[in-house]
Amino acid sequence: MGLQEIKGSVAVLISGGVDSAVVVHLLCEMGLKPDLHYIKIGMEGEDSSCSAEEDIELSQATAKKYGLKLEVTDLQKEYWEQVVGYAIERVKKGLTPNPDVMCNRLIKFGSFEKKIGYQYDYIATGHYAQRIEESPNPSLGKGENLIWLGTAKDPVIDQTDFLAQLSYEQLCHTIFPIGHLLKEEVRQIALDAKLPSAHRKDSQGICFLGKIN
C-alpha cells in the first residue's frame with residue numbers, strides 16, 4: 001500500500017527513534033495528521049537499565065514540530081505479565097524465547113489495539129516490512145483485497161521475522177510507511193527534515209528488561 005492510498009484516521013506508534021519519526025514526517029508530507037502514541041513498557045526503578053524519559057522527550061519534540069497530538073500509553077503491567085513472564089518461563093525450560101515477536105503480537109498490536117488502536121483506520125509503525133495487497137481472483141467472484149506481509153527493501157534490516165506472528169486481522173489494520181526505503185535513505189530523510197531524533201543511534205531493544213535474575 002502506497003502512502004497516497006491511505007484514507008482515514010491514522011495512529012503512529014512512535015518510539016523516540018529515527019524510524020518512527022520519519023514515518024510521522026512522510027505521513028504529514030502526504031497531508032495526513034496522525035495521532036502519535038508512545039507505548040511505555042520499560043520497567044522503572046533502580047533496577048532498570050534504561051528509561052523512557054528520553055524516548056518521550058524526543059517523541060514530544062516530533063509531535064510539536066508537526067503540530068500533532070501525543071499520548072503516552074502505559075502497558076508496563078501487560079508487558080511484564082505477557083512478554084517478560086513468557087521469556088522467563090521459556091528460559092527455565094531450556095528454550096530460546098523471542099520477546100520482540102511476542103511484544104508485537106501481544107502488546108503493540110494486541111493490548112494497544114484493544115485499548116486505543118481500534119479507534120483508528122490504520123496503525124502505522126516504523127518497522128522495516130511491507131504490506132502487500134492483491135486483488136482477489138476474478139473467477140472466485142468479488143471480494144476484498146488480500147493482505148500479505150512482505151519483506152522490506154532493505155534486506156539487512158528487514159523485520160518481518162518479528163512480525164511473523166501477527167494475525168491476519170492485525171496485519172490488515174497496519175501500515176509500514178518506510179518499508180520501501182533503505183535504512184540509509186530513512187536516515188537521510190531525517191537529516192534533511194531536521195527531525196529531533198535524526199542523529200540518534202538505533203536501539204538494541206533489550207535494555208527495558210532491566211536487571212533480572
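1. A quick definition before anything else: a residue is called buried if its relative accessible area is under 20%, exposed if it is over 50%, and partly exposed in between. Take Glu 54 as a trial case: its relative accessibility is 44%, so it goes down as partly exposed. Keep in mind as you read that this is a predicted model.

2. Now the overall picture. The protein has six helices and seven strands. Reading from the N terminus, the elements come in the order β-α-β-α-β-α-α-β-β-β-α-β-α. Of the 213 residues, 46% are buried. The protein exposes about 11800 Å², and 51% of that comes from carbon and sulfur atoms. If you take the contacts between residues at least 6 apart in sequence, 72% of them join residues at least 24 apart.

3. Start with the sheet when you turn the model around. It is an open one, built from five strands in the order S3-S2-S1-S4-S7, and the pairing is parallel. Strand S3 (70–74) and strand S7 (174–175) sit at the edges, each with pairing on one side only. In general, the strands of a sheet pair through backbone hydrogen bonds, either parallel or antiparallel. Here, S1 (residues 10–13) is joined to S2 (residues 35–40) in the parallel sense by three bridges. To find your place in this part of the sheet, look for Leu 13, which stands opposite His 37 in S2.

4. What does Thr 73 touch? This residue belongs to the edge strand S3, and at 6% relative accessibility it is under the 20% limit, so it counts as buried. Leaving aside residues up to four places away in sequence, Thr 73 touches His 37, Tyr 38, Ile 39, Lys 40, Phe 112 and Ile 116. His 37 from the previous point turns up again in that list.

5. Ser 20 is worth a look too. You'll find Ser 20 in helix H1 (residues 18–29), and with 4% relative accessibility it is buried. Its contacts, again without residues up to four places away in sequence, are Val 12, Leu 13, Ile 14, Ser 15 and Gly 126. So Leu 13, which faces His 37 in S2, is also one of the contacts of Ser 20.

6. Helix H2 (residues 53–66) lies across S2 and S3 and runs at about 155 degrees to S3. Follow the chain past helix H6 (183–192) and you come back to H2. Pro 196, in the segment after H6, touches Leu 58, Ala 61, Thr 62 and Lys 65. The C-alpha atoms of Pro 196 and Thr 62 are 6.3 Å apart, although the two residues are 134 apart in sequence. Pro 196 itself is partly exposed, at 33%.

7. Which residues tie the segment after H6 to helix H2 by a salt bridge? The side chains of Arg 200 and Glu 54 meet there, at 3.6 Å from N to O. Arg 200 is in the segment after H6 and Glu 54 in H2, so this pair links parts that lie 146 residues apart in sequence. Arg 200 is partly exposed at 21%. Add Asp 55 and you have a network of salt bridges made by Glu 54, Asp 55 and Arg 200.

8. The whole structure holds eight salt bridges. Another of them pairs Glu 78 with Lys 115, with 3.3 Å between the closest N and O atoms. Glu 78 is in helix H3 (residues 76–92) and Lys 115 in helix H4 (residues 99–115), so parts 37 residues apart in sequence are tied together. Glu 78 is buried at 17%, whereas Lys 115 is partly exposed at 43%. Glu 133 and Arg 131 also meet in a salt bridge, at 2.9 Å from N to O. Arg 131 is buried at 9%, while Glu 133 is partly exposed at 29%.

9. A few spots on the outside. Ile 132, Leu 146, Trp 148 and Tyr 168 make a nonpolar surface patch of about 380 Å². Of these, Ile 132 is in strand S5 (residues 130–134) and is partly exposed at 37%. Lys 194, in the segment after H6, is exposed at 68% and has a positive phi near 55 degrees, though it is not a glycine.

Notes. Residues numbered from 1 in each chain as written. Predicted model: local features only at pLDDT ≥ 70, side-chain atom pairs only at ≥ 80, totals over all residues. Heavy atoms only, no water. Pairing = 2+ DSSP bridges. Helix = DSSP H or I, 4+ residues; strand = E, 2+ residues; numbered from the N terminus. Contact = heavy atoms within 4.5 Å. Axes fitted to C-alpha atoms, helices over the stretch in contact; angles between N-to-C directions. Patch = residues over 30% accessible without salt bridge, like charges linked within 9 Å, V, L, I, M, F, W, Y side chains within 5 Å. Areas by Shrake-Rupley, 256 points an atom, 1.4 Å probe, with all protein chains shown as cover. Salt bridge = Lys/Arg side-chain N within 4 Å of Asp/Glu carboxyl O. Buried < 20%, exposed > 50% of the residue type's maximum accessible area, 1.4 Å probe, protein only.
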